[in-house]
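Please open the model in a viewer and keep the sequence panel visible. The tour below proceeds by selections, from enclosed space to open pockets and then to helix contacts.

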Amino acid sequence: MKTATCRKPHRTQKLWRIFQKYKYYYILLLPGLLYFIVFRYVPLMGITIAFKDYRFVDGIWGSPWVGFKWFENMFVAGDFLNVLGNTIIISIYKLVFCFPAPLLLALLFNEVKNQVFKRTVQTIVYLPHFISWVVISGLMVTLLSPSSGLISIFGLETSPMISPSSFRGLLVLSEIWKETGWETVIYLAAITSISADMYEAAKIDGAGRLQQIIYITLPALKGTIAVLLILRTGKILSAGFDQVYNLYSPIVYDVADIIDTYVYRIGLSMGRFSLATAAGLFQSVVGFVLVLITNRITKSLGEEGLL
């Protein structure tokens with residue numbers, strides 16, 4: 001008993017000494033920790049709205065429980081099924097076309113030997129990431145105007161932004177233009193960790209640049225590609241609220257309305273908070289399950305994965 005009672009003050013003192021030694025690091029950590037507590041964990045209490053007939057006057061805890069009523073209504077409603085289909089289709093388009101783009105651009109950057117030219121081009125392709133989708137949507141409306149925009153040169157009478165047949169392609173192209181340059185940072189950082197001796201040995205053996213990419217660079221990037229693929233798969237039901245909300249219009253709702261915009265529209269605009277929360281919870285749960293599945297597949301293929 002004496003030994004046990006003596007250990008506690010010793011551990012407490014040890015923890016206190018560690019805190020005193022790194023106290024400024026903990027102070028720097030505090031704002032980020034508070035952010036996640038306030039904006040990520042505290043709002044989790046609102047999930048219960050999805051299982052209640054929420055009324056503002058009764059509050060979250062005072063509203064009556066209705067079980068899975070809103071989930072049943074959600075899947076019975078034809079508009080949600082259309083929204084779910086749009087979300088999956090747009091996300092798959094982005095996965096197929098947007099996901100490989102940063103990798104290809106990073107491989108091209110790695111082959112450039114002129115550092116001044118390389119850094120200049122990198123800066124140019126990074127810049128769109130810092131432009132808001134609000135600004136980009138304004139630019140696209142102007143450039144794609146059939147009366148005064150660039151497409152007027154080709155004699156087009158309808159803007160792609162209000163054409164259901166071309167709107168999804170416009171989403172993919174705008175995403176590639178805006179985010180590809182920034183996402184190359186991860187791949188370029190991984191490429192710098194590859195030993196230069198491997199490239200030198202490959203040159204001695206007569207390997208060309210393409211062969212070096214196939215047999216050295218790409219195998220070294222498998223772990224990075226796997227992790228980013230897992231994260232991208234988890235966002236299958238999150239096709240990008242900012243982008244779609246700023247670019248779409250009621251004319252293209254049938255092909256452009258996604259779960260994020262659906263939740264915003266029926267939740268805030270129509271005041272159907274319980275239904276909107278149910279849709280958002282469904283989106284989060286499916287995304288979590290997809291992350292677990294993709295992570296398990298990645299591990300079965302010999303990569304580390306996330307978990």
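Across the whole of this predicted model, a search finds one cavity of 30 Å³ or more. The space in the largest cavity amounts to about 30 Å³. To display its lining, select C98, E175, I176, E179, T180, E183 and R232. Helix 9, residues 167–192, contributes the most to this lining, with five residues. Coloured by class, the lining of the largest cavity shows two nonpolar, one polar and four charged residues.

Next, keep E175, E179, E183 and R232 selected and add K235: of the 23 residues that line the largest pocket, these five are the closest to its centre. The largest pocket holds about 720 Å³ of space. Which elements should be shown around it, as giving two or more residues to its lining? They are helix 5 (78–97), helix 9, helix 12 (222–233) and helix 13 (241–247). Helix 9 again supplies the most, here with six residues. The lining of the largest pocket comprises 11 nonpolar, five polar and seven charged residues.

Now move to the second largest pocket, with a volume of about 370 Å³. Select G46, V263, F273, A276 and T277, the closest to its centre of the 13 lining residues. Helix 15 (259–269) and helix 16 (273–300) each provide at least two residues of this lining, and helix 16 gives the most, with four. Colouring by class reveals nine nonpolar and four polar residues in the lining of the second largest pocket, and no charged ones.

For the helix contacts, select helix 6 (residues 100–111) together with helix 11 (residues 209–220); they pack at an angle of about 120°, and their axes lie 12 Å apart. Helix 6 is therefore oblique to helix 11. The crossing of helix 6 past helix 11 is right-handed. Show side chains for L103, L107 and E111 in helix 6, which meet R209, I213, T217 and L218 in helix 11. This contact has four nonpolar, one polar and two charged residues.

Finally, retain helix 11 and select helix 10 (residues 196–204): the angle between them is about 135°, with axes 10 Å apart. Helix 10 and helix 11 are therefore oblique to each other, and helix 10 passes helix 11 in a right-handed crossing. From helix 10, display M198, Y199, A202 and K203, which meet R209, Q212, I216 and T217 of helix 11. By class, the contact of helix 10 with helix 11 contains four nonpolar, two polar and two charged residues.

Methods:
Residues numbered from 1 in each chain as written. Predicted model: local features only at pLDDT ≥ 70, side-chain atom pairs only at ≥ 80, totals over all residues. Heavy atoms only, no water. Axes fitted to C-alpha atoms, helices over the stretch in contact; angles between N-to-C directions. Parallel < 35°, antiparallel > 145°, perpendicular 65-115°, else oblique. Left-handed = near helix turned anticlockwise from the far one by under 90°. Contact = heavy atoms within 4.5 Å. Nonpolar A, V, L, I, M, F, W, Y, C, P; charged D, E, K, R; others polar. 1 Å grid on protein atoms, 1.4 Å probe; cavity = no way out; pocket = protein on both sides within 12 Å on 5 of 7 lines; lining within 4 Å. Points joined across faces, edges and corners; volume = space filled by probe spheres on them.
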